[in-house]
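Ready for a few exercises on a protein model? Have a go at each task yourself before you read the solution.

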Amino acid sequence: MNIQKWLFLLLLLSPTHAIATGGEWNGVGVIKTMFIYPTSAVIIQGNSWQGTAGCTNNDGWSFNWSQFDLPTQARIQSMLLSAYVSKTPIQVAIHQTGCGPEGRKNFNGQIMLP
């Protein structure tokens, strides 16, 4: 990956961007389990920030693929697979309100490698 792409990726993952898009950063951790479904994804990362949404399951986060356009879906899928296989801790931004599939925190598309 060339330097321009890395710089662009860093801009996308900046903490201020997560807040500007209605999210807050979730706790840092290694992905324990992933459930990738045709219409959604559920990521188990351990208990962390619970947020104000009052979601019923706080052991991870989730999202519907339809929340994102195809290029963003591909980026998310690639980063999740890389983080899971390499056991690299990640930090994700979640929506402050509203829950995702299976009552977990709703991912807003931003991932940071702490």
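**Exercise 1.** What handedness does the link of C55 and C99 have, judging by the angle about the S-S bond? Keep in mind that you're working with a predicted model.

*Solution.*
Step 1: Find the bond. A search of the whole structure turns up 1 disulfide, and C55 and C99 are joined by it, with 2.1 Å from S to S.
Step 2: Read the angle. It is -105° about the S-S bond, and the link is left-handed.
Step 3: Place both ends. C55 sits in the loop between β3 (40-44) and β4, while C99 belongs to strand β5 (residues 91-99). The two are 44 residues apart, so this pair links distant parts of the chain.
Step 4: Check how covered each end is. Buried means under 20% relative accessible area, so C55, at 7%, counts as buried. C99 comes out at 35%, which makes it partly exposed.

**Exercise 2.** Work out which residues are linked in a network of salt bridges.

*Solution.*
Step 1: Recall the idea. Side chains of opposite charge can pair when their charged atoms come close.
Step 2: Count the pairs. You should get 2 salt bridges in the structure.
Step 3: Take one pair. R104 meets D59, side chain to side chain, at 2.7 Å from N to O. R104 is in strand β6 (residues 104-112) and D59 is in strand β4 (residues 57-64), so this salt bridge ties together parts that are 45 residues apart in sequence.
Step 4: Take the other pair. R104 also forms a salt bridge with E102, and here the closest N and O atoms are 2.9 Å apart.
Step 5: Put them together. R104 turns up in the pair with D59 and in the pair with E102, and the network links D59, E102 and R104.
Step 6: Look at accessibility. R104 is buried, at 9%. D59 is partly exposed, at 26%, and E102 is partly exposed too, at 43%.

**Exercise 3.** Which element gives the largest share of the largest nonpolar core?

*Solution.*
Step 1: Get to know the core. The largest one has 16 residues, and W61, F63, I76, L80, I90, V92 and F107 have the most contacts inside it.
Step 2: List the candidates. The elements giving two or more residues are β3, β4, α3 (70-86), β5 and β6.
Step 3: Pick the winner. That's α3, which gives 4 residues, the largest share.
Step 4: Zoom in on V92. Leaving out residues up to four places away in sequence, V92 touches several others, including W25, W61, F107 and I111.

Definitions and conventions
Residues numbered from 1 in each chain as written. Predicted model: local features only at pLDDT ≥ 70, side-chain atom pairs only at ≥ 80, totals over all residues. Heavy atoms only, no water. Salt bridge = Lys/Arg side-chain N within 4 Å of Asp/Glu carboxyl O. Buried < 20%, exposed > 50% of the residue type's maximum accessible area, 1.4 Å probe, protein only. Disulfide = S-S within 2.5 Å. Core = buried A, V, L, I, M, F, W, Y, C linked by side-chain atoms within 4.5 Å. Contact = heavy atoms within 4.5 Å.
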